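User: Please give me a close look at one part of this model. Start from a single loop residue, then follow the contacts outward as far as they help.

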Amino acid sequence: MTKLILNTDCPKETIDKNIYGHFSEHLGRCIYGGLYVGEDSDIPNQEGMRLDVIEALRRMRIPVLRWPGGCFADEYHWEDGIGPKESRPCMVNTHWGGVTEDNSFGTHEFLRFCELIGAEPYINGNLGSGTVREMQQWVEYMTFDGISPMANKRRENGREEPWKIRYFGIGNENWGCGGSMRPEYYADEYRRYATYVRNFSGNKIYRIACGPNTDDYHWTEVLMSRAANMMDGLTLHYYTVPGPWRKKTHALGFSEQEWYETMRKTQYMDTLITRHSKIMDQYDPERRVGLLVDEWGMWHLCEEGTNPGFLFQQNSLRDALVAGINLNIFNRHCERVRMANIAQLVNVLQAVILTEGEKMILTPTYHVFCMYSDHQDAKRLEAELQGAPTAQDMEAVTVSASIKDGKVLVTFCNLDLKEEAPVEIDLRGGRFTRGEAQVLTADAMDEHNTFEEPERLVPRELKVEMGETGCKVVLPPKSVVALHIW
Ligand code: AHR
């Protein structure tokens, strides 16, 4: 029997709610068709934004949303996306399918969407192909409340009050699509651009530097040693790609071997965060600078018959486990990880929502975000499993725990395909009399929701046995479980 001791009277750091953040890029059908259909659409909308998507995201309690990219961010010129829509210039979205971008969804539309879903905006600026002046003016346009050319322009475009913008990224993947830079060069560029990303009118920007790709520890070392004093956050990008040599494979119809390989590659996130954090600790022992995993999730082959540049993929029970394992890792590292943004929100990569015309489905990954949502801004509890089972030389059960307002949440992932895992939870430092649990599981390891059957895979109730000093749950094979105790 696996045992978990929780000292509920010894809360640790706060699990930043932004760990439950998301990412939306001008890529495929994420923005157009996913979030935004335009005011003239037959699909029910408010100011062009899909009402079904807004409602689902509010229910999921989305805390923060990153935009406009991704690789798109370093080619995006924000002034093309303001003013009357009919006079906004078009551009070619060279990264993603070479399609024409009409800029009908721009700064005002994004910030309005954030208001409607109750999320904080995280804007990613263009360092790769934009100018310092352009970046500076974007911030002025959005946040300055006095008289200035940019603030006046914002008013002309219908917005009197400035917005509050906290999170601002200064480039994206500048080691790759954002300019193919060496870390030394980017560190200098970052310092130059960051100088002009100003705090106007009491708005306080949290400046975010582009961090490493996966295990590029040299990049972290250079950025921290040369620019840590000018940043509040450093990003990390890591995707789970199950095939050998980062080869993409199908989202459905995979083998058991591939299932375990996926789990192994997902658990690697823990190693990456541990190692990058260690480097950051040397330059920032106070942990002022956050590590922001602002792109993560599964990257499969696109669904057959869809545009390969659109990155549209199905989402199964396996993706749910990947989400659950990653979120447990982020919670456990919340002393350094202050934000994470799964890629991407709708219709792209490991999306929480898929749409087809007026139809919308919630993916298994969506349900995991709901099941875990009470971790947001809760205090982390130390959670070490004793006697935990293994599967294929890996931990078969992963866990994280938190407490908020006297209510404990423990989230488990049992990645073993065949074996259930009984767990006894010993609750110390408080009196707990009630427990409720939800489980997400299915017979087929690639079970998923479809537009015809949108509720094939949804959370169900799981039995909790309450005792004098704790409780017991049995985690089914291949399952994600959220246990609330109070
Ligand atoms: O999320 C898709 C792409 O992956 C992003 O545009 C880029 O930053 C990353 O390589």
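Analyst:

**A loop and its surroundings**

Thr-214 sits in the loop between β10 and α6. The model is predicted. Thr-214 has a positive phi of about 45°, although it is not a glycine. Most residues other than glycine have a negative phi. Is Thr-214 buried or exposed? Its relative accessibility is 6%, under the 20% cut-off, so it counts as buried.

Ser-201 makes a useful comparison. This residue is in the loop between α5 and β10. Its phi is also positive, near 50°, and Ser-201 is not a glycine either. Its cover is another matter: with a relative accessible area of 30%, Ser-201 is partly exposed.

Now move on to α6. The helix spans residues 217–227, and its buried residues are Trp-219, Thr-220, Val-222, Leu-223, Met-224 and Ala-227. Residues three or four places apart in an α-helix point the same way, because there are 3.6 residues a turn. What do the buried residues of α6 pack against? Their partners are α5 (183–196), β10 (206–209), β11 (233–240) and α7.

Met-224 leads to Asp-284. Asp-284 touches Met-224, Val-289 and Arg-336, leaving out residues up to four places away in sequence. Asp-284 belongs to the loop between α7 (256–283) and β12 (290–298). At 7% relative accessibility, Asp-284 is also counted as buried, because that is under 20%. Its side chain makes a polar contact with the side chain of Arg-336, at 2.8 Å.

Next comes β12. This strand is mostly covered: nine of its nine residues are buried. Where does it pair? β11 and β12 run parallel and are joined by seven bridges. Within that pairing, Tyr-238 stands opposite Trp-296 of β12.

Trp-296 opens the way to the core. The largest nonpolar core has 122 residues. Trp-296 is among the members that touch the most others, along with Leu-57, Phe-113, Phe-168 and Phe-330. Helix α8 (residues 317–332) gives the largest share of this core, eight residues. Phe-330 touches Trp-296 and Val-293, and also Ile-19, Met-269, Ile-273, Val-337 and Ala-340, not counting residues up to four places away in sequence. Another core lies apart from this one; it has 27 residues, including Val-397, Ile-403, Phe-412 and Val-439.

Ile-19 deserves its own look. It is in the loop between β1 (2–7) and β2 (21–23). At 0% relative accessibility, Ile-19 counts as buried. Beyond its neighbours within four places in sequence, Ile-19 is in contact with Leu-327, Phe-330, Asn-331, Cys-334, Val-337, Arg-338, Met-339 and Ala-340.

Trp-296 also touches Ala-343. Ala-343 lies in strand β13 (residues 337–343). Its relative accessibility is 0%, so Ala-343 counts as buried. Outside four places in sequence, its other contacts are Phe-23, Tyr-239, Val-348, Leu-349 and Gln-350. Which peptide bond stands out at Ala-343? The bond joining Ala-343 to Gln-344 is cis, with omega about -10°. Gln-344 is in the loop between β13 and β14 (353–356). Most peptide bonds are trans. A cis bond also joins Trp-67 and Pro-68, where omega is about 5°. Pro-68 is in the loop between β5 (64–67) and β6 (91–93).

Tyr-239, touched by Ala-343, brings us to the ligand. How many residues surround the ligand? There are 13, and the closest are Glu-25, Cys-71, Glu-173, Tyr-239 and Glu-295. An N or O atom in the Tyr-239 side chain is 2.8 Å from a ligand oxygen. For Glu-173, a polar side-chain atom lies 2.7 Å from an oxygen atom of the ligand. Asn-172 also takes part: an N or O atom of its side chain is 3.1 Å from a ligand oxygen. Taken alone, the ligand exposes 280 Å², and the protein buries 94% of that.

In short, the path starts at buried Thr-214. It passes through the buried residues of α6 and the contact between Asp-284 and Met-224. It then reaches Trp-296 in the largest nonpolar core and Tyr-239 beside the ligand.

Conventions
Residues numbered from 1 in each chain as written. Predicted model: local features only at pLDDT ≥ 70, side-chain atom pairs only at ≥ 80, totals over all residues. Heavy atoms only, no water. Core = buried A, V, L, I, M, F, W, Y, C linked by side-chain atoms within 4.5 Å. Buried < 20%, exposed > 50% of the residue type's maximum accessible area, 1.4 Å probe, protein only. Helix = DSSP H or I, 4+ residues; strand = E, 2+ residues; numbered from the N terminus. Contact = heavy atoms within 4.5 Å. Near = heavy atom within 4 Å. Polar contact = N/O pair within 3.5 Å; in protein donor to acceptor, adjacent residues only side chain to side chain. Areas by Shrake-Rupley, 256 points an atom, 1.4 Å probe, with all protein chains shown as cover. Pairing = 2+ DSSP bridges.
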